[in-house]
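Visitor: Please take me through this model closely, beginning with one local piece of fold and then turning to the surroundings of one nucleic acid strand. Which residues and helices should I look at there?

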Number of protein chains: 2
Amino acid sequence: MPTMMKLLLVEDDEAIAVGLEYSLSQEGFEVVICNDAASALDKITSQDFDFAIIDISLPDGNGFDVCKKLKEKGDTPVIFLTARDDEGSVVMGLDMGADDYITKPFRLRELHSRIRAVLRRANKLSEDHIINIGGLTVNLAEGKVKKNGREVFLTALEYRLLLTLISNRGQVLTRDQLLQSIWDVSGDFVNDNTLTVYIKRLREKIEDDPQNPTIIKTVRGIGYRV
Amino acid sequence: MPTMMKLLLVEDDEAIAVGLEYSLSQEGFEVVICNDAASALDKITSQDFDFAIIDISLPDGNGFDVCKKLKEKGDTPVIFLTARDDEGSVVMGLDMGADDYITKPFRLRELHSRIRAVLRRANKLSEDHIINIGGLTVNLAEGKVKKNGREVFLTALEYRLLLTLISNRGQVLTRDQLLQSIWDVSGDFVNDNTLTVYIKRLREKIEDDPQNPTIIKTVRGIGYRV
DNA sequence: TAATTATATCATAAAAAGATTACCGCCTTA
DNA sequence: TAAGGCGGTAATCTTTTTATGATATAATTA
């Protein structure tokens, strides 16, 4: 049974926090949000995290303390978020043991890729984060997908769709749920057929026989299930 | 798995130290800095170095002790940095087993070529410092690159780019990471396309078929990977 | 079974990302 | 000081991705 990576996100800006949480959960992380250093420190004592993203400029003191504690406790990998012009903090952060930093504003893809890099370096990639379904292997941390041992290249959206499906393995996801989780809108705004087309393309890439899918199954009238 | 050469830099002048570290790391060395003899001696006990650059005039005593210890421990090659008018020290340093010396101020190229010369003489060039990828051979110590046995001449930037890529082999480096590590700035300051152009130039020189690169692979939406 | 509805397939337009080419200015070196 | 290499930019071309409409097929039900 694969476990999701548990991620601590310390960010006081509500908008950013919510956006990141959404995006990261799509990537297969279980996200815990704190909006200040105090509550983060609190969380750390009671829970273990595989990874942390910390905004340096927090309302109550800076994020360095959080980083320090994480490092002391279990050498948890940390990425700092900083403002563009905050060079000093960056140096200090890296001194403190941070594994990487990324300046705001950033692109989500960039962040995801850095997270993977850091995780890889930290050797946190274990069997736990590899999912195996009918010859299909999804490495959540590296973002790589293999079919029968051969690497398959998915586009960004295809990957997201697959991830949404397998992270809800066993349960049927409605078309609308899928639309919302991947395009962030309900069926009214995106052509309903778009989802169908993406499912087809995904099957084309990961199924042995796309005409008779064994991984992504159609549940007529409702949606799809893995 | 090829290892980078590990270099000990003992220099009290902060500006010089930082500059050298940067430049040497670009050349493929892993650089450890100490700003005084004491901490250098300390480092030597706990770590092994392939090479050392030592400023003779250190705040706490001179660099000779450091040299002596390095020679005793593992006959590590040493280059001394000296002031122009310090003839006596030079003689003493060479007596002590130093392999070369260079007077300040010096040009980086000069230093690099001396380092290579010393390493060559000291026979420290081992398989360890040679990376081999699909017909491409990179000799980290000599700074030479060969493609299918024939030497390829890269410009300074091309070499840095290649080095950054291969020293993170297997993982995707984002465009921004590459820009940062090679131009030391984020995407806002250097034309984003510049990276693309350099990748192309590099491919032109090291790929069998630049149109279908097998060494430097593009990961659309993120960056490049070796 | 015909009509209806849901899903699958195909083809293609629009947009985005990257590759390619050509060019310019600067510095080195002869 | 002229020639050539290097670093960087701009404009253009190519490829890939994303999204949609049209049509075909399969399942459901009146």
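Guide: In this predicted model, strand 1, helix 1 (residues 14–26) and strand 2 of chain B form a β-α-β unit that is right-handed. The two strands of that unit, strand 1 (residues 5–10) and strand 2 (residues 29–34) of chain B, run parallel to each other and are joined by six bridges. One of the pairings links B:Leu7 to B:Val31 in strand 2.

The nucleic acid strand is DNA strand D. Around DNA strand D there are 24 residues within 4 Å, and the closest are A:Thr155, B:Thr155, B:Trp183, B:Tyr198 and B:Arg201. Four helices each supply at least two residues of this surface: helix 6 (156–166) and helix 8 (192–206) of chain A, and helix 6 (156–166) and helix 8 (192–206) of chain B. By class, the surface consists of twelve nonpolar, eight polar and four charged residues.

On the DNA side, 64% of the atoms of strand D within 4 Å of the protein belong to sugar or phosphate, and the rest to bases. Individual polar contacts can be named for both parts. For the phosphates, a side-chain N or O atom of A:Thr194 is 3.3 Å from a phosphate oxygen of DNA strand D, and a polar side-chain atom of B:Thr194 is 2.9 Å from a phosphate oxygen of that strand. For the bases, B:Arg201, listed above among the closest residues, places a polar side-chain atom 2.6 Å from a base oxygen of DNA strand D.

How values were computed: Residues are numbered from 1 along each chain as its sequence is written. Chains are lettered from A and ligands numbered from 1 in the order in which they are written. This is a predicted model: local features need pLDDT of at least 70, side-chain atom pairs count only at pLDDT 80 or more; totals for chains, interfaces and linings use all residues. Side-chain values use heavy atoms; hydrogens and water are left out. Two strands pair if DSSP finds at least two bridges between them. A crossover is right-handed if, with the strands pointing away from the viewer, the path from the first strand over the helix to the second runs clockwise. A residue is near a molecule or strand if one of its heavy atoms lies within 4 Å of it. A polar contact is a pair of N or O atoms within 3.5 Å; within protein, one must be able to donate a hydrogen and the other to accept it, and residues adjacent in sequence count only if both atoms are side-chain atoms. Ala, Val, Leu, Ile, Met, Phe, Trp, Tyr, Cys and Pro count as nonpolar, Asp, Glu, Lys and Arg as charged, and the others, Gly among them, as polar.
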